[in-house]
Amino acid sequence: MDLVRAIERPLKDREMILECRHMDFYSVLTAATKRDEERQRLGSQQRKDGLVAKNRIDRGFGDDLGLLDGAPRPKMHLKGSKIGDGVPIILVPSASQTLITIYNVKEFLEDGVFIPTDVKMKQMKGPKPECVTVMKKFSSRDRVTTAYEVRDKPSALKAEEWGRVVAVFVLGKEWQFKDWPFKDHVEIFNKILGFYMRFEDDSVESAKIVKQWNVKIISISKNKRHQDRAAALDVWDRLEEFVRSRSRS
């Protein structure tokens, strides 16, 4: 064998095999890519499950809950008066004429970029999402990232899920709060952080009703998208401080 190895000449190595004319390795690449994507998906799900476990924040909710229109409704017993046992919820209007909707909220809160709803609707493939998960991603100072669920159908919330609602983007219309389990706007915005998004050059009349509520007005430019980041950070800072204050109460 030593004599054979001494006179043998290698015709191909592993690199030359990959250069074969009639050999297609695309299927191998596809399979490897799918496996990698699956690993990333499982890892993301595990991280999300970990975030869910961390987001168990105590919060006070009264037992006397009624409707804004004064109609009686059975009392909701929110287990232990907690936001807990799940990811905190942010509510957005389902009306498309508002600036922030379930279509564009992810880009605004995660990337700090406002994209009009009609643009996102045209880009989206498939049905409208019922729930979107958002996390604060664009700030390097954050060591712990908290996940939030964004929904636009308050009527679909179960009694115990109302205890997880921490913020709402308001439309500026009274009917947005119809059938909400609260007595009035004072109770709503004492227990839920309110935001109102507007263009900075909109008329004062557009926010006339909102100014009567305990709501933070967030103004953005119609054209200067580089300013969106500061507005999104303002939302995050106020939201995180609100959640921290509720956890201490």
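This passage describes the overall make-up of a predicted model, then its sheet, and then one loop residue.

The protein has 249 residues, of which 39% count as buried. Its secondary structure comprises seven helices and eight strands. The exposed surface of the protein amounts to about 15,800 Å², and carbon and sulfur atoms contribute 51% of that area. Among contacts in the protein with a separation of 6 or more, 63% are between residues 24 or more positions apart.

The mean pLDDT of the protein is 79, and 73% of the residues reach at least 70. In the stretch of residues 52-82 the pLDDT is below 50, although the model gives this stretch 78 contacts beyond near neighbours in sequence. Where pLDDT is low, predicted coordinates should not be read in detail.

Six strands form an open sheet with mixed pairing, in the order β4-β5-β3-β6-β7-β8. The edges of the sheet are β4 (132-135) and β8 (215-220); each has a single partner strand, so one side of each lacks a neighbour in the sheet. From one strand to the next, the twist averages 30 degrees. Helix α7, residues 228-248, packs on this sheet and touches β3 (89-91), β4, β5, β6 (165-169), β7 (193-199) and β8. The direction of α7 makes about 165 degrees with that of β8.

Strands of a sheet pair through backbone hydrogen bonds, in either a parallel or an antiparallel arrangement. At the β4 edge, β4 and β5 (residues 147-151) run antiparallel and are joined by four bridges. Within this pair, Val 134 has Tyr 148 of β5 as its bridge partner, and Met 135 stands opposite Ala 147. On to the next pair, β3 and β5 run parallel and are joined by three bridges, with Ile 89 opposite Glu 149 in β5.

Strand β5 is mostly covered, five of its five residues being buried. This cover extends to both faces of β5: Ala 147, Glu 149 and Arg 151 are buried on one side, and Tyr 148 and Val 150 are buried on the other. Two of these residues, Ala 147 and Glu 149, have already been named in the pairing of β5.

Further along the sheet, β3 and β6 run parallel, with three bridges between them. The bridge partner of Leu 91 in β6 is Val 168. Strand β6 also runs parallel to β7, and three bridges join these two strands. Here Val 168 stands opposite Gly 194 in β7. Val 168 thus appears in the pairing of β6 with β3 and in that of β6 with β7. Five of the five residues of β6 are buried, so this strand is largely enclosed by the rest of the structure.

The loop between β8 and α7 contains Ser 221. With a relative accessible area of 5%, Ser 221 falls under the 20% limit and is therefore buried. The side chain of Ser 221 comes to 3.2 Å from the backbone nitrogen of Asn 223. Leaving aside residues up to four places away in sequence, Ser 221 touches Phe 199, Glu 200 and Gln 227.

Conventions: Residues numbered from 1 in each chain as written. Predicted model: local features only at pLDDT ≥ 70, side-chain atom pairs only at ≥ 80, totals over all residues. Heavy atoms only, no water. Pairing = 2+ DSSP bridges. Axes fitted to C-alpha atoms, helices over the stretch in contact; angles between N-to-C directions. Contact = heavy atoms within 4.5 Å. Buried < 20%, exposed > 50% of the residue type's maximum accessible area, 1.4 Å probe, protein only. Polar contact = N/O pair within 3.5 Å; in protein donor to acceptor, adjacent residues only side chain to side chain. Areas by Shrake-Rupley, 256 points an atom, 1.4 Å probe, with all protein chains shown as cover. pLDDT = per-residue confidence, 0-100.
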